[in-house]
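Let's take a walk through a protein chain together. Have a look at the sequence and the 3D view, and then read on at your own pace.

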Amino acid sequence: MNKAAVMSLVLSLCAGLFTAQASAQGDAEAGGKLFKRVCGGCHQIGEGARAFFGPQLNAIVGRTAGSTTDYQYSDAMKNSGIVWTREKLAAYIEEPKSVVSGTRMIFWGISDQEKIDDLLAYLQSFQAP
């Protein structure tokens, strides 16, 4: 194999790896559309967000569950001891009651990992600077 062919192969493999990694992190724009359709009826996010039927979700990653002061959380959520990491949120979005048994959130979950990644990318775009 000549040098040019080897370089082309290496570049192709690297491009594929970077594309796979980027898609594993999710598409924030697609996540925003999904948020509005699936989550927006109960939750707010962004400038001026406040608690509604559910808590506001600004800076959710790294936040202790049940800790915002403008929402009345269930005892299960307040006492869960969870700190919302990307992985914990992914599990919660997939099957809420398996992560916080006794949560009041009425949501059956999302089983599509791509949609979960998109939603998480959107949520992470509202982290504190």
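**A guided tour of the chain**

Methionine 77 is a good place to begin: once its neighbours within four places in sequence are set aside, this residue is in contact with Ala65, Gly66, Trp84, Tyr92, Val100 and Thr103. Keep in mind as you look that this is a predicted model.

Now zoom out to the whole chain. Its secondary structure consists of six helices and zero strands, so reading from the N terminus the pattern is simply α-α-α-α-α-α. The chain has 129 residues, and 32% of them count as buried. Its accessible surface is about 8,200 Å², and carbon and sulfur atoms make up 58% of that. What about contacts between residues that lie apart in the sequence? Among contacts in the chain with a separation of 6 or more, 43% are between residues 24 or more positions apart.

Let's go inside next. Which residues have the most contacts inside the largest nonpolar core? This core has 23 residues, and the ones with the most contacts inside it are Phe35, Met77, Trp84, Ile110, Leu119, Leu120 and Leu123. You have already met two of these names, since Met77 is in contact with Trp84. Helix 2, helix 4 and helix 6 (113-124) are the elements that give two or more residues to this core. Helix 6 gives the most, with five residues.

Helix 4 deserves a closer look. This helix covers residues 86-94, and its buried residues are Arg86, Leu89, Ala90, Tyr92 and Ile93. Turn the view until you look down the axis of helix 4: the buried residues fall within an arc of 165 degrees, so they line one face of the helix. One of them, Tyr92, is also among the contacts of methionine 77.

Our last stop is threonine 68, which sits in the loop between helix 2 (28-39) and helix 3 (75-78). Is threonine 68 buried or exposed? Its relative accessible area is 13%, and because buried means under 20%, threonine 68 counts as buried. Its side chain has polar partners too. One polar contact, of 3.5 Å, joins it to the side chain of aspartate 70, and another, of 2.5 Å, links the side chain of threonine 68 with that of tyrosine 73. Not counting residues up to four places away in sequence, threonine 68 touches Pro55, Gln56, Arg63 and Tyr73. Tyrosine 73 therefore appears twice in this picture, as a polar partner and as a residue that threonine 68 touches.

Notes:
Residues numbered from 1 in each chain as written. Predicted model: local features only at pLDDT ≥ 70, side-chain atom pairs only at ≥ 80, totals over all residues. Heavy atoms only, no water. Helix = DSSP H or I, 4+ residues; strand = E, 2+ residues; numbered from the N terminus. Buried < 20%, exposed > 50% of the residue type's maximum accessible area, 1.4 Å probe, protein only. Polar contact = N/O pair within 3.5 Å; in protein donor to acceptor, adjacent residues only side chain to side chain. Contact = heavy atoms within 4.5 Å. Areas by Shrake-Rupley, 256 points an atom, 1.4 Å probe, with all protein chains shown as cover. Arc of directions from axis to C-beta. Core = buried A, V, L, I, M, F, W, Y, C linked by side-chain atoms within 4.5 Å.
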